[in-house]
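Subject: Structure handover

Hello,

Here is the structure I promised to pass on. Please open it alongside this note.

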Amino acid sequence: MRTCTCIYHFLVLNWYIFLNYYIPRHGNEQKEYKIFQDGAQWKYLTLLNLFLQAFFFGVACLDDVLKRIKGRRNIRFITAFRDLLFTTLAFPVSTFVFLVFWTIFLYDRELVYPKILDEIFPIWMNHAMHTFILPFSLLEVILRPHHYPSKKTGITLLAAGTVAYTARGPWALVATDNHQQVPHTVDTHGDAAGRWQWASCQHRSCWEKQPHKPSLSLRGVYT
């Protein structure tokens, strides 16, 4: 089982490394859409989650290798960090992305993944970003038992991640076609002109749009 787990971690790590390399590059090639200009790939929880998963499976692989070299007792810190990372961030975020994305997609895909994106991202890429993430996490739960932190520690770290994601900036004001100012930051889900792409956000004021900022607290929608 240990060998199978090591192989699994190695394969999934390479899968996420590939996605983190290929998806931003593919988006940058679609210059007419300006999706990932100015580092915009770091503005979306979906892509941040891919980086988080790659980081976690990298730690898991490191833990596997060091256990074979040094033994279990000498790497307790790495093992503890692996468990903390998985239970407080990697698993909750992948579950959140999967559930919220597909719930909103089935309700009205234009709110979260407009049909025009099908011309930019192939179907397999959509599933790689929003579907496969949960089975990989669930399989990790089965293959590798994890020690869970206390509720206080878990909630604190998850809350810190939520605050860091929703509060990051910097903010700038960008004029829209109707000369209204909207906050335009790393996750406005609008185009370069500050226009909001979601139908539910088109006719809202700046402050009414704030609940639609992506977060881990199940507020609003994201991609």
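Below is what I found on its salt bridges.

First, a caution: this is a predicted model.

How many salt bridges does a search of the whole structure find? The count is five. Three of them are described here, starting with the pair R82 and D63.

The side chains of R82 and D63 meet at 2.9 Å, N to O. R82 sits in helix 3, which covers residues 76–108. D63 sits in helix 2, residues 45–70. The pair therefore ties together parts that are 19 residues apart in sequence. Both side-chain partners, R82 and D63, are buried.

R82 also forms a salt bridge with D83. Their closest N and O atoms are 2.7 Å apart. Are these two residues buried or exposed? R82 has a relative accessible area of 2%, so R82 is buried. D83 is also at 2% relative accessibility, so D83 counts as buried. The cut-off for buried is under 20%.

Next, look at D118 and R109. Their side chains meet in a salt bridge of 3.1 Å, N to O. Here D118 is partly exposed, with a relative accessible area of 36%. R109 counts as buried, at 18% relative accessibility.

Which residues are joined into one network by salt bridges that share partners? They are D63, K67, R82 and D83. When you view the model, start at R82, which pairs with D63 and with D83.

Best wishes

How values were computed:
Residues are numbered from 1 along each chain as its sequence is written. This is a predicted model: local features need pLDDT of at least 70, side-chain atom pairs count only at pLDDT 80 or more; totals for chains, interfaces and linings use all residues. Side-chain values use heavy atoms; hydrogens and water are left out. A salt bridge is a side-chain nitrogen of Lys or Arg within 4 Å of a carboxyl oxygen of Asp or Glu. Helices (H or I, at least four residues) and strands (E, at least two) are DSSP runs, numbered from the N terminus. Buried means under 20% relative accessible area, exposed over 50%, partly exposed in between (1.4 Å probe, protein chains only).
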